[in-house]
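User: Please take a close look at one part of this structure and describe how it is put together. Then say how the rest of the chain is arranged around that part.

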Amino acid sequence: MKYRNLIDFAKKSRFRRLLRKVWRIFNKNYYPFTLGDELKTIKSVLDSGVWNMSSDDGIHVKLEKEFAKYIGVKNAVLVSSGGMAIQMTLRGLGFKPGDEVIHQIDTCVACSFAILNAGVTPIFSDISLDTLKLDFDNIESLITPRTKAIMPIHMWGNSEDMEQVKQIADKYNLKVIEDCCLSIGATYKGRKVGQFGDVGIFSFGSTKPLTAGEGGFIVTNDDLLAKELRTIRNWGDKTHEYGIRDQETLSWNGRLSEVTAALIYEQLKNYEKLLNTVRSNAKLIIDYISTNPYLNIADDSAYNDNPIYTQIVLKLDKKIDKKIFMEKLKNENISVWHANFEAINSLSFFNKDKWKDWILAGDLDFVEENYTKDYKNAYIIHSKSGLGLMRNNFMTEKSAKNVIKKLKKIFDDFNLEPNI
């Protein structure tokens, strides 16, 4: 009897997988889906027998050239993840324990953990209530002799104000490490993000605008740094890049499978076409929002000239109760999230002082003060005024129009005219 049930379950499981496969083929509201000849290219890699980065003619070499060209930089170094890209970058730049990197408090904790895993100290900055991005006055107050870099985060497909970032970096002789993981293809004053810093970081994880499940890139115009990064990617072995069998830099295995590289290679070919669709559909919702007095686009700065809308980021009018509004959106099957992550120092690793086991150099009193501060602006955005409409709401024109229809219904039910 048990055996019979197992067979039935297996049959049902196969049927469910078949249904899921058919659903994925016809449902374009949810990315990822194939954009090119992924299966053909992956098969060619499998047939070649070159499944890792050991060969100079592997597909990762072609991908690195294509990605560098796409971003508009000289060098692109393919790695296993965006987090690994950050760790390798800090090591490649020569940062040591006690050195500090400033980034905003309300990004993904992966940024802070990657910095810590490289032996370096993350320092948090609050954000602006107007732009939901870096508070530049706050950044200047955080700079010490130990500060080595600023890490601007291009959040949710919107570019950071790189002109202001560069001004501060130049003033204090700091490196700039652009985190572009959520904004591949976004532009700042007509140029793609990743071009402005000493280094740009990209990720192809499951929630990223271009995904292959995993993978990342480091881009730079510094040829020597790129050479060092390719060495660090392979446990610091200098054989390939320097012709010397030796290791002198503490390193990682940052390599990526050639199979995943093949997937990224094909996704990249038609990525701009995907972005054009997303931008066109997002504009329908944004045009509606411009007529709604209770919703505002979080950042419509002139420099943020071509967002890629990983989310449409909104600021809510004070009359809107965010918790109630989010529930109404979810009840209408509108995918919604926050406009920012929770403050990183609210997580147990930081608020229960577990960081003290890992940060062993530098001014620990200054670090503790930074980690125990109240980041008021980030809290207000997360708890009250910031909202993100997720990308599957506008992957198709039909879904975008459906969101607009449901938003209108929600506001009619709210009875917000003329006042609450």
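Analyst: Buried here means a relative accessible area under 20%, exposed means over 50%, and partly exposed covers the range in between, with a 1.4 Å probe and protein chains only. The model is a predicted one, in which local features need pLDDT of at least 70 and side-chain atom pairs count only at pLDDT 80 or more, while totals for chains, interfaces and linings use all residues. Residues are numbered from 1 along each chain as its sequence is written, and side-chain values use heavy atoms, with hydrogens and water left out.

The part chosen is strand β5, residues 175-179. Strands (E, at least two residues) and helices (H or I, at least four) are DSSP runs, numbered from the N terminus. Of the five residues in β5, four are buried, which leaves the strand mostly covered.

Strands count as paired if DSSP finds at least two bridges between them. In general, strands of a sheet pair through backbone hydrogen bonds, either parallel or antiparallel. β5 has a parallel pairing with strand β4 (residues 147-150), over two bridges. Within that pairing, Ala149 has Lys175 of β5 as its bridge partner. β5 also runs parallel to strand β8 (residues 199-203), to which three bridges join it. Here Asp179 stands opposite Ile201 of β8.

The link from β4 to β5 goes by way of helix α7 (residues 162-172), and the three elements form a right-handed β-α-β unit. Right-handed means that, with the strands pointing away from the viewer, the path from the first strand over the helix to the second runs clockwise.

A useful residue for seeing what packs around β5 is Thr89, in helix α4 (residues 82-92). Contact means heavy atoms within 4.5 Å. Leaving out residues up to four places away in sequence, Thr89 touches Ile177, Val199, Ile201, Ile218 and Leu229. Thr89 has a relative accessible area of 0% and is therefore buried. Thr89 and Ile201 are 112 residues apart along the chain, yet their C-alpha atoms are separated by 8.7 Å.

Another parallel pair is made by strand β2 (residues 100-104) and β3, joined by five bridges. Gln104 stands opposite Ser125 of β3 in this pair. From β2 the chain passes through helix α5 (residues 109-117) to β3, again as a right-handed β-α-β crossover. Strand β3 (residues 121-125) has five of its five residues buried. Thr121, Ile123 and Ser125 lie on one side and Pro122 and Phe124 on the other, so that both faces of β3 are covered.

The cysteines can be dealt with briefly. A disulfide is taken as a pair of cysteine sulfur atoms within 2.5 Å, and the structure holds zero of them. For Cys111 the closest cysteine sulfur, in Cys108, is 6.1 Å away, too far for a bond. For Cys181 the closest is that of Cys111, at 6.8 Å, which is also too far. Cys111 is buried at 5% relative accessibility, and Cys181 is buried at 9%.

An antiparallel sheet is also present. Four strands form this open sheet in the order β10-β11-β13-β12. β10 (295-297) and β12 (336-337) are the edge strands; each has a single partner strand, so one side of each is left without a neighbour in the sheet. Strands β11 (residues 311-316) and β13 (residues 386-390) pair over five bridges, with Ile312 opposite Leu389.

Some backbone geometry deserves a check on screen. Most residues other than glycine have a negative phi, and most peptide bonds are trans. Tyr309, in the loop between β10 and β11, has a positive phi of about 55 degrees. Its relative accessibility is 17%, so Tyr309 counts as buried. Trp235, in the loop between α8 (223-232) and α9 (239-242), has phi near 60 degrees. Trp235 is partly exposed, at 48%. The peptide bond from Tyr31 to Pro32 is cis, with omega near 20 degrees, and Pro32 lies in the loop between α1 (2-26) and α2 (38-48).

For the chain as a whole, the secondary structure comes to 16 helices and 13 strands. The radius of gyration is 23 Å, close to the 22 Å that the globule rule gives for 420 residues, so the chain is as compact as a globular protein of that length. That radius is taken over C-alpha atoms, and the rule is 2.2 Å times the number of residues to the power 0.38. Buried residues make up 54% of the 420.
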